[in-house]
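The following exercises concern helix packing and burial in a predicted model. Each task is followed by a solution in steps.

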Amino acid sequence: MPVGLVSSLLVTVAWQISIHMSVAGGTVMILLLVLGAPALPAALVAAAVGRSRPVLEAHTPARLLAGTALGGTAALTFALLT
C-alpha cells in the first residue's frame, strides 16, 4: 500500500488525482482478494466516498476514476507479487 500511496502522490504533483479514492480502491481490492464475494459491500462504501468528492467540489469524475484505478491496480500488483 505504501507504493500505491507514493504513486498517487507522484501523480498528484502534476494532476490532482483523488487520493481518497486511491485508498478506497486499494482497500476494496485487498478485501476482495482476501475475503472474496462477502467483501463486495465494501465497494458500496467506496462508492459513497466517490460520490461525496464531486459534491464537495474536490475532484472531477476523471480524477475519481483514475484514483480508484491506481489504488486497485497497486493493490492487485502487490498481491500478485507476493
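**Exercise 1.** Which residues of α4 are buried? Determine also where they lie around the helix axis and what they pack against.

*Solution.* Step 1: the extent of the helix is checked. Helix α4 covers residues 61–81, and its 21 residues should span 30 Å at 1.5 Å a residue; the end C-alpha atoms are 30 Å apart, so the expectation is met.

Step 2: burial is taken as under 20% relative accessible area. In α4, Leu64, Gly67, Gly71, Gly72 and Ala75 are buried. Viewed down the axis of α4, these buried residues fall within an arc of 115°, and therefore line one face of the helix. An α-helix has 3.6 residues a turn, so residues three or four places apart point the same way.

Step 3: the two sides are compared. Leu65, Leu80 and Leu81 are exposed on the other side of α4, whereas the buried residues of α4 pack against α2 and α3.

**Exercise 2.** Establish on which side of α3 its buried residues lie, and identify their packing partners.

*Solution.* Step 1: α3 has 15 residues and reaches 22 Å from its first C-alpha to its last, close to the 21 Å expected at 1.5 Å a residue.

Step 2: the buried residues of α3 are Ala42, Ala46, Gly50 and Arg53. Because they cover an arc of only 85° around the axis, they are on the same side of α3. Leu44, Val45, Arg51 and Val55 are exposed on the other side of α3.

Step 3: packing of the buried residues of α3 is against α2 and α4. After α3 comes Glu57, with a positive phi near 55°.

**Exercise 3.** Derive the relative orientation of α2 and α3, and describe the composition of their contact.

*Solution.* Step 1: the axes of helix α2 (residues 19–35) and helix α3 (residues 41–55) come within 9 Å and cross at roughly 170°. Angles over 145 degrees count as roughly antiparallel, which means that α2 is roughly antiparallel to α3.

Step 2: on the α2 side, the contact is made by His20, Met21, Ala24, Val28 and Leu31. On the α3 side, Ala42, Ala43, Ala46, Val49, Gly50 and Arg53 take part.

Step 3: the residues of this contact between α2 and α3 comprise 8 nonpolar, 2 polar and 1 charged.

**Exercise 4.** Ser22 and Val34 both need to be classified: is each buried or exposed? Place them in the setting of α2.

*Solution.* Step 1: α2 has 17 residues, which should span 24 Å at 1.5 Å a residue; this agrees with its end C-alpha atoms, which are 24 Å apart. Both Ser22 and Val34 lie in helix α2.

Step 2: Ser22 counts as buried because its relative accessibility is 5%. The buried residues in α2 are Met21, Ser22, Ala24, Gly25, Gly26 and Val28, and they pack against α1 (2–14), α3 and α4. Leaving aside neighbours within four places in sequence, Ser22 is in contact with Gly4, Ser8, Gly67, Thr68, Leu70 and Gly71. Among these partners of Ser22, Gly67 and Gly71 are buried residues of α4.

Step 3: Val34, by contrast, has 62% relative accessibility and therefore counts as exposed. Val34 and Ala79 are 45 residues apart in sequence, and their C-alpha atoms are 9.6 Å apart in space. Gly36, whose phi is positive, near 75°, follows α2.

Note on methods. Residues are numbered from 1 along each chain as its sequence is written. This is a predicted model: local features need pLDDT of at least 70, side-chain atom pairs count only at pLDDT 80 or more; totals for chains, interfaces and linings use all residues. Side-chain values use heavy atoms; hydrogens and water are left out. Axes are lines fitted to C-alpha atoms, for helices over the stretch in contact, and angles run from 0 to 180 degrees between N-to-C directions. Helices (H or I, at least four residues) and strands (E, at least two) are DSSP runs, numbered from the N terminus. Angles under 35 degrees count as roughly parallel, over 145 as roughly antiparallel, 65 to 115 as roughly perpendicular and the rest as oblique. Contact means heavy atoms within 4.5 Å. Ala, Val, Leu, Ile, Met, Phe, Trp, Tyr, Cys and Pro count as nonpolar, Asp, Glu, Lys and Arg as charged, and the others, Gly among them, as polar. Buried means under 20% relative accessible area, exposed over 50%, partly exposed in between (1.4 Å probe, protein chains only). The expected span of a helix is 1.5 Å times one less than its number of residues. The arc is that of the directions from the helix axis to the C-beta atoms.
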